[in-house]
Every structure is written in structure tokens, then in C-alpha cells.
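The following exercises are to be worked through with the sequence and the model at hand. Each task is followed by a solution in steps.

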Amino acid sequence: MEKITSILAKKEMHFHTVTPGSSVDIALSRMCHENVDYLIVMDGENYVGLLTEHDISRVVISNKLLTKTKVSDIMNRGLPAAATDDTVERCMQLMRQHHIR
């Protein structure tokens, strides 16, 4: 059973982040610049949520201003976090339980 630690050791350890107080236009710009479809929302050193392109699309469809909407208003909260000593199987189980793609 492969552990998350061994997978992370093979990958570049750079995560794309945004703060909860950032405006959505700043987050979208960062996503475009980094060529990613999500950002990890961090409050200092603490993980507080995830922001996806899908979350931003709902803001656009509702005609809200991206410059006036905060990341904290639309981010996903309460998502499970994996520990580095978790197995891939455990992570897959968490994803199934929480309907995460």
C-alpha cells in the first residue's frame, strides 16, 4: 500500500494558495497565471478550504462582481484532509465518502 509521503516525494512540492480575504478576481488571475483549476485556501499556516473554477463560475452566472466577492464567500469548507502517512486507498475512500473528484 503506497503512502501519500512517497507520492509527494516524486512531485514538486509547490501548492497554489490564496487567502480567504482575497477577492475572487485576484484568485482567478492567480489560477490563470499558474494554469490550475483550483487554489488551496490558507489562513496563515492553516488550511481552511478549497476554491475551484466551478465555484467561480457560479459567481459569474449570478452576475456578482468578482472584485467585490471574497474567496471566503464561495470557497468549499469542511473538506477532508489527508495525512502524509495515509495510504492511497484511504484517500480514495475519503474522496468517495465526500463525493470529491
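**Exercise 1.** In which segment does H99 lie?

*Solution.* This is a predicted model, in which local features need pLDDT of at least 70, side-chain atom pairs count only at pLDDT 80 or more, and totals for chains, interfaces and linings use all residues. Residues are numbered from 1 along each chain as its sequence is written, and side-chain values use heavy atoms, with hydrogens and water left out. Helices (H or I, at least four residues) and strands (E, at least two) are DSSP runs, numbered from the N terminus. H99 is found in the segment after α5 (88-97). Its phi is near 55 degrees, a positive value in a residue other than glycine.

**Exercise 2.** Classify H99, N63, G21 and C91 by accessibility.

*Solution.* Buried means under 20% relative accessible area, exposed over 50%, and partly exposed in between (1.4 Å probe, protein chains only). H99 has a relative accessible area of 72%, so H99 is exposed. N63, in the loop between α3 (53-61) and α4, has 70% and is therefore exposed. G21, in the loop between β1 (17-18) and α2 (24-34), counts as partly exposed because its relative accessibility is 48%. C91, at 13% relative accessibility, counts as buried.

**Exercise 3.** State how many disulfides a search of the whole structure finds.

*Solution.* A disulfide is a covalent bond between the sulfur atoms of two cysteines. The criterion is a pair of cysteine sulfur atoms within 2.5 Å. The search of the whole structure finds 0 disulfides.
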